[in-house]
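Student: I've got this protein up on my screen and would like to talk it through. Can we take it piece by piece?

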Amino acid sequence: MTKVRYENDIQTEVLAGKKIAVVGYGSQGHAHALNLKESGYDVVVGLRPGKSQEKAEDDGFNVFSVAEAVSQADVVMVLLPDEHQPAVYEESIKPNLQAGNAIAFAHGFNIHFSQIVPPENVDVFLVAPKGPGHLVRRTYEGGAGVPALFGVYQDVTGNATELALAYAQGIGAARAGVLETSFQEETETDLFGEQAVLCGGLTGLIKAGFETLTEAGYQPEVAYFECLHEMKLIVDLIYEGGLENMRYSISDTAQWGDFASGPRIVDEGTKARMKEVLADVQSGEFAKGWILENQANRPMFNAINAKENNHPIEKVGRELRDLMPFVKQPLQAKQSKQKD
Ligand code: NDP
Ligand code: MG
Ligand code: MG
């Protein structure tokens, strides 16, 4: 089995006394900055003027422009949206990096697809939490953590691996487990996972099930509970104890239905198309399309997003969730507050 590192496996001296600039204070940024600070590190935040800046100041940070934060830091963690990183890097980060500094990322996209080409005299590493930023923060506060991948792209000081591990420890990830990866593996598996399984695959499955039931004349409310609401209950069982645990908990009828009909839904054709999706990720075809979409100010992204938000499952879901106040995720409430 791959080596998974926990708190006792990690030496943190290499990061002690260093100044860390967290650039960006969104989902990941606020979690990294606060967790590192509470782990005893010297953290400054780099931002443009705006909402995030106010929030970081309210949370007690010294907030500087990105350029100023980078020039005083030893370690720079870039937590801007991936599509904004190359421009901010060129303008404000690159000119202020010094030999022997480290630049770090939470996702390998820009380094792996050469949208950012770091200078040869700095360490470059990755610490990618395998969970949303708000959980990185919430689990840390509760004494636990979200697991993370770490990887080293460039090691000029000879300390890049120890730095990455100490950083992962600082955000609480070593409480849950830290695994070594490469920028390539992290980028490709992350993109594939979100496209084929976690986001694209799952939303497609939920919508297709809901549409099948409502088109057959069943009530949308019933279809919503069956295809969306119950998903969490099932996923929680899988998360806690694997597929076996979920199958233990459901009825034998449901389990037989799983075996008998599941392979008719996700079949060899689905897997063949997953392989095509993976090939597009590996060849850079997906990255190219996403970079161009951003350069054109996201015409498709915005149009599809508006259409998706109007899907009947979203309308009935909003009404039903209003009647189940306990379902209102603190995460969602916090996030929308932050985005206001
Ligand atoms: P968010 O969109 O949540 O936050 C972005 C932050 O960057 C905001 O504070 C925003 O501030 C700031 N920002 C945006 N543009 C600029 C700019 N031009 N100059 C200065 N600041 C700017 O990002 P995420 O936390 O989702 O993503 C950050 C990184 O983490 C990405 O690489 C992503 O792939 C990775 N990641 C994200 C995960 C997640 O949970 N979301 C999971 C694992 C990795 P403002 O208020 O001014 O707009
Ligand atoms: Mg991702
Ligand atoms: Mg049932």
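**Walking through the model**

Tutor: Let's start with a loop residue: Arg 298 counts as partly exposed because 14 other C-beta atoms lie within 10 Å. Keep in mind that this is a predicted model.

Student: Where does Arg 298 lie?

Tutor: Its phi is near 60°, a positive value in a residue other than glycine. As for its place, Arg 298 is in the loop between H13 and H14.

Student: And Asn 297, is that buried or exposed?

Tutor: Asn 297 also has a positive phi, near 65°, and isn't a glycine. It sits in the loop between helix H13 (285-295) and helix H14 (299-309). Count its C-beta neighbours inside 10 Å and you get 8; 12 or fewer is the cut-off, so Asn 297 is exposed.

Student: Let's zoom out. How is the protein chain divided into domains?

Tutor: The chain has 16 helices and nine strands. The centres of domain 1 and domain 2, taken over C-alpha atoms, are 30 Å apart. By residue number, the split is domain 1 (4-181) and domain 2 (192-339).

Student: What radius of gyration does the protein chain have, and how does that sit with a compact globule?

Tutor: Along the principal axes, the C-alpha atoms fill a box of roughly 65 × 45 × 40 Å. A compact globule with 340 residues would have a radius of gyration near 20 Å, and the chain agrees with that at 22 Å.

Student: What share of the 340 residues counts as buried?

Tutor: Look at the contacts too: among those with a separation of 6 or more, 65% are between residues 24 or more positions apart. The buried share of the 340 residues is 31%.

Student: Which helix gives the most to the largest nonpolar core?

Tutor: That core has 64 residues, and Val 76, Ala 104, Phe 125, Val 127 and Ala 168 have the most contacts inside it. The helix giving the most, with seven residues, is H7 (residues 160-170).

Student: How many residues are in the second core?

Tutor: It's separate from the one we just discussed, and it includes Phe 210, Ala 223, Tyr 224 and Val 316. Its count is six residues.

Student: Back to Val 76. Which residues is it in contact with, leaving aside neighbours within four places in sequence?

Tutor: Val 76 is one of the residues with the most contacts inside the largest core. Its partners are Ala 21, Val 23, Val 70, Ile 93, Asn 101, Ile 103 and Ala 104.

Student: Now the ligand. Which element gives the largest share of the shell around ligand 1?

Tutor: There are 24 residues around ligand 1, with Gly 24, Gly 26, Gln 28, Ser 52 and His 107 coming nearest. Helix H1 (27-38), helix H2 (51-58) and strand E7 (123-129) each give two or more residues to that shell. By type, the shell residues divide into eleven nonpolar, ten polar and three charged. The largest share, three residues, comes from H1.

Student: Last one: what is the C-alpha to C-alpha distance from Thr 203 to Pro 220?

Tutor: Thr 203 has its place in helix H9, and with 14 other C-beta atoms within 10 Å it is partly exposed. Gly 200 is also in helix H9 (residues 200-215), and Glu 194 and Gln 195 are its contacts once neighbours within four places in sequence are left aside. Thr 203 and Pro 220 are 17 residues apart in sequence, and in space the distance is 17 Å.

How values were computed: Residues numbered from 1 in each chain as written. Chains lettered and ligands numbered in written order. Predicted model: local features only at pLDDT ≥ 70, side-chain atom pairs only at ≥ 80, totals over all residues. Domains from an automatic or database assignment. Near = placed C-beta within 6 Å. Helix = DSSP H or I, 4+ residues; strand = E, 2+ residues; numbered from the N terminus. Nonpolar A, V, L, I, M, F, W, Y, C, P; charged D, E, K, R; others polar. Rg over C-alpha atoms; globule rule 2.2 N^0.38 Å. Buried ≥ 20, exposed ≤ 12 C-beta atoms within 10 Å, placed from the backbone. Contact = placed C-beta atoms within 7 Å. Core = buried A, V, L, I, M, F, W, Y, C linked by C-beta atoms within 7 Å.
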